[in-house]
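Here's a small set of exercises to work through with the sequence and coordinates open. Try each task before reading the solution under it.

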Amino acid sequence: YRGVTAMDNFKPVGEGGNYPSTGSAEGYPKNFTHMTWKSQFAATAEAVADNKIGDIKRSASQFMTSYNRTREEFGRAMYVGGLSGTSVDYEGKTFDCAAADGLALFAKAHPNKVNRKTQSNLFADSFSLSALGKAETTMQNLTGDNGELLSITPDTIWIPNDAGLKNSVFSAIGADKDPATANNAFNYQYGRWNVIVDPYLTRVLKLLK
C-alpha cells in the first residue's frame, strides 16, 4: 500500500501570470500480509445418536462467540502493541504493528516524508481537563507528509474499563462548569466528546503485560 503526499498551495501570480507547477510525491509504503485464522469443534456421531441436538447448537453458538471475541481482542492487541513497539505477539504469532514510517504507531518523533520535520502523537499524563485540552490542541495541529495542516477534529475518548480512569474522564467533561473550581467558570469541553469504555481493551492490556 502506498499513498501520495499533498500538493503545494496555490501561488498569487497577478493578472496574466504563469502557472506554477506542483505535484505529489510518493508517501511511506506499507506492506500488508494476509493471515488465515482457523478453529474447529466436533459434533460426534454419538451426540447425534443420543439426540443431544441442543448441546450441538450451543457449541455452534459458542464457536461464533469465540470468533467474534478473537476479532475484538486482536484489534485491541494491534492498538496496544503500537503503544510499546513495532510488533505484538498474539496467540503464538508475531504481527507487525508499525506505522508506515517504520516507527511505533504512537511515537514521539514521526517524520514528515517531504520536509522530515518530526511530530509526536505519544504523550503520558494523568487524565485531567488540562491534559485533554493539550492533547486536543496537539492533534488539531498535526500535519501531513508535505507539512500541510490535516484539520483533524478529535471527538472520541477511548479508555479501558477502569473505575479511576472513568471517574477522571467524566469528572472532566461531564459538567458545563469548571470541575476544579467553585467559581462557575465555563467548561468548554462539556458536550463535545464521545466516550467509549472498552472492556476488551482492559483485557488485552493485562494479557500483553
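**Exercise 1: an asparagine with an unusual backbone**

Task: decide whether asparagine 51 is buried or exposed, then place it in the chain and check its phi.

Solution. Start with the surface: asparagine 51 has a relative accessible area of 61%, so it is exposed (over 50% is exposed, under 20% buried, anything in between partly exposed, with a 1.4 Å probe and protein chains only). Next, locate it: asparagine 51 sits in the loop between α1 (45-49) and α2. Helices here are DSSP runs of H or I with at least four residues, strands are E runs of at least two, and both are numbered from the N terminus. Last, the backbone: phi of asparagine 51 is near 60 degrees, a positive value in a residue that isn't glycine.

A word on the ground rules: this is a predicted model, where local features need pLDDT of at least 70 and side-chain atom pairs count only at pLDDT 80 or more, while totals for chains, interfaces and linings use all residues. Residues are numbered from 1 along each chain as its sequence is written, and side-chain values use heavy atoms, with hydrogens and water left out.

**Exercise 2: another positive phi**

Task: find the loop that holds serine 151, and look up its phi.

Solution. Serine 151 lies between α3 (129-140) and β7 (156-160). Its phi is positive, about 55 degrees, although serine 151 is not a glycine. With 56% relative accessibility, serine 151 counts as exposed.

**Exercise 3: the overall layout**

Task: sketch the order of helices and strands, then compare the chain with a compact globule.

Solution. Count first: there are 5 helices and 8 strands. Reading along the sequence gives β-β-α-α-β-β-β-β-α-β-α-β-α. Now the dimensions: the C-alpha trace spans about 90 × 55 × 30 Å along its principal axes. The radius of gyration is 24 Å, whereas a compact globule of 209 residues would be near 17 Å (taken over C-alpha atoms; the globule rule is 2.2 Å times the number of residues to the power 0.38). Finally, buried residues make up 22% of the 209 residues.

**Exercise 4: the loop between β1 and β2**

Task: work out which residues threonine 5 and serine 24 touch beyond their sequence neighbours.

Solution. Both threonine 5 and serine 24 belong to the loop between β1 and β2. Threonine 5 is buried, at 6% relative accessible area. Setting aside neighbours within four places, threonine 5 has contacts (heavy atoms within 4.5 Å) that include Ser24, Lys113, Val114, Asp145 and Asn146. Serine 24 is partly exposed, at 41%, and under that exclusion of neighbours within four places it contacts Val4, Thr5, Ala6 and Met7. The C-alpha atoms of serine 24 and alanine 6 are 5.8 Å apart, with their positions 18 residues apart along the chain.

One more stop in this loop, between β1 (2-4) and β2 (26-29), is asparagine 9. Asparagine 9 is exposed, at 65%, and its C-alpha is 9.0 Å from that of glutamate 148, 139 residues away along the chain.

**Exercise 5: the nonpolar core**

Task: which residues form the largest nonpolar core, and which elements give two or more residues to it?

Solution. The 8 members are Ala77, Val80, Val88, Tyr90, Phe95, Cys97, Leu201 and Val204. Such a core is a set of buried Ala, Val, Leu, Ile, Met, Phe, Trp, Tyr and Cys residues joined through side-chain atoms within 4.5 Å. The elements giving two or more residues are α2 (53-84), β3 (87-90) and α5 (199-207). A second, separate core of 7 residues includes Ile157, Ala172, Ile173 and Trp193. Back in the largest core, take valine 88: leaving out neighbours within four places, its contacts include Ala77, Phe95, Cys97 and Leu208.

**Exercise 6: the start of β8**

Task: which residues does asparagine 194 touch, not counting those up to four places away?

Solution. Asparagine 194 is in strand β8 (residues 194-198) and is partly exposed, at 46%. Asparagine 194 touches Asp155, Thr156 and Ile157, with residues up to four places away not counted. From asparagine 194 to threonine 156 the C-alpha distance is 4.6 Å, across 38 residues of sequence.
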